[in-house]
Each structure stands twice: as structure tokens, then as C-alpha cells.
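Here is a friendly walk through one structure, with a look at its backbone, its charged pairs and its surface. Please keep the 3D view open as you read.

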Amino acid sequence: MNPHVNRIRQLEKKRSRHLGTLLQSPALLKGSLLDLKRPCGRSPCCCEQGKLHRQLIVSFKKDGKTKFTYVPPAGRTVVQKLAENRKKFRKNKKEMTSVEKKIWREVQKLERRVTTPYQRS
């Protein structure tokens, strides 16, 4: 059997696994999660001595403009999980795209190998 065909079949199995994972993906965060540390500006406060306040912010685009939403402490674990899901989804999507490019290259090699010129008799 042609080595290119075997390689294409292996790559297709890998691509199929990535696609299956993407299709079963849980909810994803729209936007980016930012962990900010900043002073509150009130006096007297511990942030004046350098112990800054931690804030989680979700940054996202709406109507072409960047918007920010504060995440209260009660919602942090949920939003962090959604952000983690999005990161895993994007990584899987990138890996699947890489495999698809490899499949395309193998198909091109296969085409060159099986293509024969016409010879008039």
C-alpha cells in the first residue's frame, strides 16, 4: 500500500479526535480574563503601602469597541472555568488546523505520485 495513504489515514484519525473534542466542548468565555492589581485611591488603605487590590475583569469586543466587565468574587470560579474552557478549545482548534495542513501536504504528495503523463502511442 502507498505510504502516503497510510499517513493520510493516521492524520485523519488524529483530526477526527480533535474535532470530536471540539464538538463536545462546554461553554466558553466570550473575551479575555484579566487579573488586575491596582490601588483603590481611598485613604487610609493597605494599598497605599503596596498591597494592591485584586480585580478580575472580562475584556470583550462589542460593536467594534473594547468593553470591560468587573467579575465579583462570587462569580470568579465560574468565569475562570469558562476562560479555561476557551483556552483548551482554542488549543485544540489550533492542533486540528495543524493536522489538516499536514493532511493537505500528504494529499499533494499522493497526487504527484499517482499522476502519470499522457503518452501518445
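## Backbone points in the loops

Let us begin with Pro-44, which sits in the loop between β1 (32–38) and β2 (53–62). Keep in mind throughout that this is a predicted model. The peptide bond leading from Ser-43 into Pro-44 is cis, and its omega is near -10°.

The loop between β2 and β3 (65–71) holds another residue to look at, Asp-63. Its phi is near 55°, a positive value in a residue other than glycine. Is Asp-63 buried or exposed? Asp-63 is exposed, with a relative accessible area of 76%.

## Salt bridges between elements

How many salt bridges does the structure hold? There are seven salt bridges in the structure. One of the pairs to look up is Glu-100 with Arg-15, whose side chains meet in a salt bridge at 3.8 Å, N to O. This pair links distant parts of the chain: Glu-100 belongs to helix α2 (residues 76–114) and Arg-15 to helix α1 (residues 3–23), and they are 85 residues apart. Arg-15 is buried, with a relative accessible area of 18%, whereas Glu-100 is partly exposed at 32%. Arg-15 and Glu-100 are also linked with Glu-12 in a network of salt bridges.

For a pair in the strands, turn to Arg-54 and Asp-35, whose side chains form a salt bridge of 3.0 Å, N to O. Arg-54 lies in strand β2 and Asp-35 in strand β1, so the salt bridge ties together parts that are 19 residues apart in sequence. Both partners are classed as partly exposed: Arg-54 has a relative accessible area of 39%, and Asp-35 has one of 42%.

## A salt bridge within α2

Next comes a pair inside one helix. The side chains of Lys-81 and Glu-84 meet in a salt bridge of 3.9 Å, N to O. How many residues apart are Lys-81 and Glu-84 in helix α2? They are three residues apart, so about one helical turn separates them.

As for exposure, Lys-81 is partly exposed, with a relative accessible area of 43%. Glu-84 is partly exposed as well, and its relative accessible area is 38%.

## The positive surface patch

Now colour the surface by charge. Arg-7, Arg-9, Lys-13, Lys-14, Arg-17, Lys-101, Lys-102 and Arg-105 together form a positive surface patch. Which elements give two or more residues to this positive patch? They are α1 and α2.

Helix α1 gives the most, with five residues. If you would like a landmark on the α2 side, try Lys-101, which is found in that helix.

## A buried polar contact

One last stop is Asn-92, also placed in helix α2. Asn-92 is buried, with a relative accessible area of 13%, which is under the 20% cut-off for that class. Which side chain does Asn-92 join in a polar contact? The partner is His-18, and the contact between the two side chains is 2.6 Å.

## Looking back at the helices

It may help to view α2 once more with these residues in mind. Helix α2 holds Glu-100, which pairs with Arg-15 of α1, and the buried Asn-92. Helix α2 also contains Lys-81 and Glu-84, and α2 joins α1 in giving residues to the positive patch.

Terms used
Residues are numbered from 1 along each chain as its sequence is written. This is a predicted model: local features need pLDDT of at least 70, side-chain atom pairs count only at pLDDT 80 or more; totals for chains, interfaces and linings use all residues. Side-chain values use heavy atoms; hydrogens and water are left out. Helices (H or I, at least four residues) and strands (E, at least two) are DSSP runs, numbered from the N terminus. Buried means under 20% relative accessible area, exposed over 50%, partly exposed in between (1.4 Å probe, protein chains only). A salt bridge is a side-chain nitrogen of Lys or Arg within 4 Å of a carboxyl oxygen of Asp or Glu. Patches are made of residues with over 30% relative accessible area and no salt bridge: like charges are joined within 9 Å, nonpolar side chains (Val, Leu, Ile, Met, Phe, Trp, Tyr) within 5 Å. Accessible areas come from the Shrake-Rupley method with a 1.4 Å probe; for residues, only the protein chains shown count as cover. Lys and Arg count as positive and Asp and Glu as negative; His and the chain ends are not counted. The place of a charge is taken as NZ of Lys, CZ of Arg, CG of Asp or CD of Glu. A polar contact is a pair of N or O atoms within 3.5 Å; within protein, one must be able to donate a hydrogen and the other to accept it, and residues adjacent in sequence count only if both atoms are side-chain atoms.
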